[in-house]
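User: Hey, I'm new to this one. Can you walk me through it?
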Amino acid sequence: ACFGIPFLTAYRAIFYDGAVTGQTLLIQGGAGTVSHYAIQIAKQGGARVIATVSGFEKGRIAKAAGADEILNYRDKNYVDQLLKLTENRGADRIIEVNLSANVNLYDRILAPKGTAIIYGTADPLAKVPGMNFIVRGAHLKWFIVYEITDTELIEGTRYLAEILADGSLDTLIGARFSLENIAAA
């Protein structure tokens, strides 16, 4: 239950636009299940990872997954902190769980010619700073895991099998239930 949709979403989000070696990735919602896997996959792929969280405990979860830096998106100076970490460039890629909540910052946190890989949004509409995107040459790429190709599915499950076999994947378990309590699960 922990692997299928969350892991495949994370895998697709990280490699949607090719290799991440040497890039700085901003992974939004770093303590969530998809982001927890995305951090690990990105680090194994050679990326520097900055994860956003909403509090200290969630920061510990993202750090344990391998994030290089943790930023609390509720801090007033969150954008300034991110820019300092990226030498005023912004992230090369943003792995986005909630476009509608975060897109208004992209003109400052996404590097010129950077890409946002979007797999979620809370609201059906998001206001995008269009002119800033044009000037920056930014890219927005969207996907939903239920529509990935058979090739992408095979690649993702093969990668999952490899890192399960070598023991390098950490997973979050929210609760465990006996078979007798399956209805409670």
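Analyst: Sure, we'll go through a helix, a helix pair and some salt bridges. Keep in mind that this is a predicted model, where local features need pLDDT of at least 70, side-chain atom pairs count only at pLDDT 80 or more, and totals for chains, interfaces and linings use all residues. Residues are numbered from 1 along each chain as its sequence is written, and side-chain values use heavy atoms, with hydrogens and water left out.

User: OK, how far apart are the end C-alpha atoms of helix α1?
Analyst: They're 17 Å apart, which agrees with the 16 Å that the 12 residues of α1 (residues 4–15) should span at 1.5 Å a residue. The expected span is 1.5 Å times one less than the number of residues. Helices (H or I, at least four residues) and strands (E, at least two) are DSSP runs, numbered from the N terminus.

User: How many of the residues of α1 are buried?
Analyst: Nine of the 12, so α1 is mostly covered. Buried means under 20% relative accessible area, exposed over 50%, and partly exposed in between, using a 1.4 Å probe and protein chains only. Among the buried ones are Phe7, Leu8, Tyr11 and Ile14.

User: What do the buried residues of α1 pack against?
Analyst: Two helices, α2 (33–44) and α8 (150–165), plus the strands β1 (24–27), β4 (91–96) and β5 (110–118). Contact here means heavy atoms within 4.5 Å.

User: Switching to salt bridges: how many are there in the whole structure?
Analyst: A search finds seven. Each is a side-chain nitrogen of Lys or Arg within 4 Å of a carboxyl oxygen of Asp or Glu. One of them joins arginine 12 and glutamate 152, with the closest N and O atoms 2.9 Å apart.

User: Where do arginine 12 and glutamate 152 lie?
Analyst: Arginine 12 is in helix α1 and glutamate 152 in helix α8, so the pair ties together parts that are 140 residues apart in sequence. Arginine 12 is buried at 17% relative accessible area, and glutamate 152 is buried at 19%.

User: And which residue does glutamate 57 form a salt bridge with?
Analyst: Arginine 60, with the closest N and O atoms 3.6 Å apart. The two are three residues apart in helix α3, so about one helical turn separates them. Glutamate 57 is partly exposed at 45% relative accessibility, and arginine 60 is partly exposed at 48%.

User: Last one: at what angle do α2 and α3 pack?
Analyst: About 35°, with their axes 8 Å apart. Axes are lines fitted to C-alpha atoms, for helices over the stretch in contact, and angles run from 0 to 180 degrees between N-to-C directions. The contact is made by His36, Ile39 and Gln40 of α2 and Ile61, Ala62 and Ala65 of α3.
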